[in-house]
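Trainee: Got a minute? I'd like to go over this one with you.
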Amino acid sequence: MRKTQLTTCLLSAPLILLTGCATTGDRDFGAVVQHNVVAQVVDLEPQYAGVPIEGGSGDRSVDGVGRYKKGAVKELLVGTTAFKK
């Protein structure tokens, strides 16, 4: 009987010690997946303080469509980022 208890203690001691390595103590451990999901999800209704959203003005959009239908579209401003000597 004594030998069985000693064998059980000797076999269970390494397992108990290994379970101590499994706990990190970091409450954010494993939060990488959550962070990646948040980074890849698009906010469908973003609200930026004081920044007008393109196409946000209905009056300007109506004017633009009217100019398009009349063939009086404003010329594009063509720029370049190439370095000129």
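Mentor: We'll take the overall make-up, then a helix, then the surface.

Mentor: This is a predicted model: local features need pLDDT of at least 70, side-chain atom pairs count only at pLDDT 80 or more, and totals for chains, interfaces and linings use all residues. Residues are numbered from 1 along each chain as its sequence is written, and side-chain values use heavy atoms, leaving out hydrogens and water.

Trainee: How many helices and strands are there in the protein?

Mentor: Three helices, zero strands. Helices are DSSP runs of H or I, at least four residues; strands are runs of E, at least two; numbering starts at the N terminus.

Trainee: And what percentage of the residues counts as buried?

Mentor: 0% of the 85. Buried means under 20% relative accessible area, exposed over 50%, partly exposed in between, with a 1.4 Å probe and protein chains only.

Trainee: What span does α3 reach?

Mentor: 18 Å from first C-alpha to last, over 13 residues. That is close to the 18 Å expected at 1.5 Å a residue, taken as 1.5 Å times one less than the number of residues.

Trainee: What follows α3?

Mentor: G71, with a positive phi near 80°.

Trainee: Now R67. What does R67 touch?

Mentor: R67 sits in α3. R67 contacts A72, V73 and K74 (heavy atoms within 4.5 Å), not counting residues up to four places away in sequence. R67 counts as partly exposed because its relative accessible area is 30%.

Trainee: Switching topic: where does V41 lie?

Mentor: In the loop between α2 (32-40) and α3 (58-70). V41 is at 55% relative accessibility, so V41 counts as exposed.
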